[in-house]
Each structure stands twice: as structure tokens, then as C-alpha cells.
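User: Please take a close look at a single part of this structure and describe how it is placed within the whole. A connected account in formal terms would be appreciated.

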Amino acid sequence: MNNELLQNLDKLHTTPMGIDRIRRNLGLWGDIPDVVTWCKSQIESPEATITRRGKNWYCTIGSCIITVNAYSYTIITAHHANVI
């Protein structure tokens, strides 16, 4: 799948608060040294489903959803999908 988010993965970044939020929400502590690199690898995975709703991109892979601002390419958050 070729879309705008995949074409701009080099612009992907987050804030220090975003790093803490993603680590806390997904439990990515000592085993993942670089959260942005981890998110990039998830987004570019062939199993990922990427959709855009309004100002955000949503990347779903497995039980994880990564939210990225569509204009600044800032990773806003990542969390486990609610399993029903």
C-alpha cells in the first residue's frame, strides 16, 4: 500500500511526552530503546492497515493502534485496541 504516511516516514517524530505516553500505553520499556523507530517499523509492516480520518492517520497492526497527525507527522499516541 502506497500512501502519504508511508511516503513521509522520514518525517515521523514525537515529543518527550509522546514517548512516555506510548511506552506506558504499550508497556514498551527496556526492550525498545527508540519508540519512533519501533512505530515506523510497525507502520511500514505489510500487515498494517492505515486509514486517515480528519487530521490524523491511524495505523492498526495486531492489537495496536498508532495515531499520527497528518500534517506534522507527529506520533500522538499508541495504544492497544479494545478487543470485544
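Analyst: In this predicted model, the side chains of Tyr 73 and Asn 8 make a polar contact at 3.2 Å. Tyr 73 belongs to the loop that links β3 and β4. Its relative accessibility is 5%; because the limit for a buried residue is under 20%, Tyr 73 counts as buried.

The surroundings of Tyr 73 can be listed next. Leaving aside residues up to four places away in sequence, Tyr 73 touches Glu 4, Leu 5, Asn 8, Lys 11, Leu 12, His 13, Trp 57 and Val 68. One of these, Trp 57, is 16 residues from Tyr 73 in sequence, and the C-alpha atoms of the two are 8.8 Å apart.

Leu 5 leads further into the structure. With residues up to four places away again not counted, Leu 5 touches Tyr 73 and also Leu 12, Ile 43, Ile 50, Trp 57 and Val 68. Of these, Ile 50 is located in strand β1, which covers residues 49-53. Ile 50 is buried, with a relative accessible area of 6%. Thr 60 is ten residues away from Ile 50 along the chain, and 6.5 Å separates their C-alpha atoms.

Leu 5 also has a place in the largest nonpolar core, which has 24 residues. Together with Ile 22, Trp 38, Ile 43, Ile 66, Val 68 and Ile 75, Leu 5 is among the residues with the most contacts inside this core. Two or more residues of the core come from each of α2 (16-26), α3 (35-43), β2 (56-61), β3 (64-69) and β4 (75-80). The greatest contribution is that of α3, with five residues.

The strands may now be considered together. An open sheet is formed by four strands, with antiparallel pairing, in the order β1-β2-β3-β4. The edges are occupied by β1 and β4, each of which has a single partner strand, so one side of each lacks a neighbour in the sheet. On average, and with direction ignored, neighbouring strands of this sheet are turned by 20 degrees against each other.

The two strands on either side of the loop that holds Tyr 73 are joined by five bridges in the antiparallel sense. Across this pairing, Val 68 stands opposite Ile 75 in β4.

Two helices complete the picture. Helix α2 lies across β3 and β4, and runs at about 5 degrees to β4. Helix α3 lies across β1, β2, β3 and β4, and its direction is at about 105 degrees to β3.

Definitions and conventions: Residues numbered from 1 in each chain as written. Predicted model: local features only at pLDDT ≥ 70, side-chain atom pairs only at ≥ 80, totals over all residues. Heavy atoms only, no water. Buried < 20%, exposed > 50% of the residue type's maximum accessible area, 1.4 Å probe, protein only. Core = buried A, V, L, I, M, F, W, Y, C linked by side-chain atoms within 4.5 Å. Contact = heavy atoms within 4.5 Å. Pairing = 2+ DSSP bridges. Axes fitted to C-alpha atoms, helices over the stretch in contact; angles between N-to-C directions. Polar contact = N/O pair within 3.5 Å; in protein donor to acceptor, adjacent residues only side chain to side chain.
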